[in-house]
Amino acid sequence: MKGAAIPVVAIMPSPLFLWRFKAILFLLWGLCCCKIGWDSVMRMSADLRDLFLYEAFLYYNPLLLVALMIWLWGVNLWVFAQSSVNYAKVFDLAQTHLSHREIWRCATWLTLIVPTSMTAYLYLYSHGEVSLAASQPVLLYAILLMILFSPFDMFYISSRFYFLRTVWRIILPLQAITFPDFFLADIFTSMSKVFSDLERSVCRMVNRQVATIAWFEADSICGSHSIAIPLALVFPYLCRFFQCLRQYKDTKEKTCLLNALKYSTAVPVIFLSALKYHVLPEQWVSFYRPLWLISSVINSLYSFYWDIKRDWDLSILTRIFMFKNPSIWTNLLYGQNWVFYWVLGSNLVLRCTWTYKLSAHLRHNYLTVFTIAALEILRRWQWVFFRVENEWNKMTAKQNLEMSSDMPSEGDRLLESSNNHTV
């Protein structure tokens, strides 16, 4: 009819289409960053190119490793949500805790802004805008710190403050140690290289050495011989060491002392390696390097033993992959022997290679060290599955034991029934 209103139907694209569209945009953005970054590097002379890349890599590689850890933590939460493991109860999380989708959203933003800042740094430096280039990593670090410590109700404030409170409890273990406390501290030990590189990056920013050649001097305050490097590497292990001592004080369990001994074995690996820059070459080769190798083997094997014997329960190693709903992942991973052998073999190999990253005298091979640091994060991601599942099984077993102890036995019920029966 004339004058009748015609209803307007909104056409919404399907979620699959939106996902594919975002993936294409993400891929195009990555290609643009690679192209601009590569062209910028090629503009530089060959003798300065490697040093330039080494400096740029130092500022951004720790944040890329953090982004990788966040992506993998989202995968952990997704698997827990599909299985019977109540991770929210294990970590004593509030109802408003972040889901795996929100974790992935945070990882996506970090994955976007870090390479973008790195590309801008490379482009500006290669085109002679040194002061603007030097401001790029400084601005990036400042923005991330403001977001992390922002007191305003934005950017998941409850989750940020939960994380900061846990970090504070790790640094100062003055109270009883909870599962989230030592769980996050264990993850920090796998990211000790991240803390070391963050220390060196902040040192150069504070001393205005970004995009300069001042840091090339090995003995300078931010040079490769700085004592702050092994101190930053060892800090997460010392935090975990004092946590174990606190647990022993509260529980009097001797396993806490054995666990503390495990973390203390990382200390000689780190400081013996750092001694290379402070002793004569003959002394390093004949005395300190053999000690470093021996301490590395002890640390690797002790840590591997503790993973298998204490942190995991091998009798239920793949139950975590028994999902509530039918899934291809359940058919592929649940009850398969190859998962058992893969976990044991990869954990042993990566435990041994991890000492390479802890060694300060090998830090100049930055691409190799970055690869090993990324593999260690993958090993820790693998470790999370079985460590959280083991803790959940302990909690459920304890609850079942308490319920069974509260229920009256069959004899008590019969006796009560006879007493209440009237003839």
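**Surface patch, annotated spans and buried charges in a predicted model**

F17, L18, F21, I24, L25, L27, L28 and L31 together make up a nonpolar surface patch with about 800 Å² of accessible area. The model is predicted. One member of the patch, I24, sits in helix α1, which covers residues 15-42. An unreviewed UniProt entry assigns the feature "transmembrane region" to residues 21-38, 58-81, 102-126, 138-158, 291-308 and 328-350. Residues 21-38 are 100% helix and 0% strand, with the end C-alpha atoms 26 Å apart. Residues 138-158, in turn, are 67% helix and 0% strand, and the end C-alpha atoms of that span lie 27 Å apart.

The structure contains zero disulfides. For C33, the closest cysteine sulfur is that of C34, at 6.9 Å; a disulfide requires two sulfur atoms within 2.5 Å, so the distance is too great for a bond. C33 is buried at a relative accessible area of 13%, and C239 is also buried, at 7%.

Nine salt bridges were found in the whole structure. One of them joins R240 to D186, with the closest N and O atoms 3.2 Å apart. This pair connects distant parts of the chain, since R240 belongs to helix α9 (residues 228-251) and D186 to helix α7 (residues 179-190), with their positions 54 residues apart in sequence. Both partners are buried: R240 has a relative accessible area of 3%, and D186 has one of 4%.

A salt bridge within a single helix is formed by D197 and K193, whose closest N and O atoms are 2.6 Å apart. The two residues are four positions apart in helix α8 (residues 192-206), and therefore about one helical turn separates them. D197 and K193 are both buried.

D307 pairs with R379 in a further salt bridge, at 3.4 Å between the closest N and O atoms. Here too, distant parts of the chain are linked: D307 is in helix α12 and R379 in helix α15 (residues 366-406), 72 residues apart. The relative accessible area is 0% for D307, which is buried, and 1% for R379, likewise buried. D307 and R379 belong to a salt-bridge network that also includes R351 and E376.

R351 is additionally contacted through its backbone oxygen, which lies 3.2 Å from the side chain of S300. S300 is located in helix α12 (residues 281-311) and is buried, at 3% relative accessibility. T353, in helix α14 (residues 337-358), is partly exposed at 30% relative accessibility. The C-alpha atoms of T353 and V369 are 9.8 Å apart, at a sequence separation of 16 residues.

Note on methods
Residues numbered from 1 in each chain as written. Predicted model: local features only at pLDDT ≥ 70, side-chain atom pairs only at ≥ 80, totals over all residues. Heavy atoms only, no water. Patch = residues over 30% accessible without salt bridge, like charges linked within 9 Å, V, L, I, M, F, W, Y side chains within 5 Å. Areas by Shrake-Rupley, 256 points an atom, 1.4 Å probe, with all protein chains shown as cover. Salt bridge = Lys/Arg side-chain N within 4 Å of Asp/Glu carboxyl O. UniProt positions renumbered as here; feature names shortened; annotations may be inferred. Buried < 20%, exposed > 50% of the residue type's maximum accessible area, 1.4 Å probe, protein only. Polar contact = N/O pair within 3.5 Å; in protein donor to acceptor, adjacent residues only side chain to side chain.
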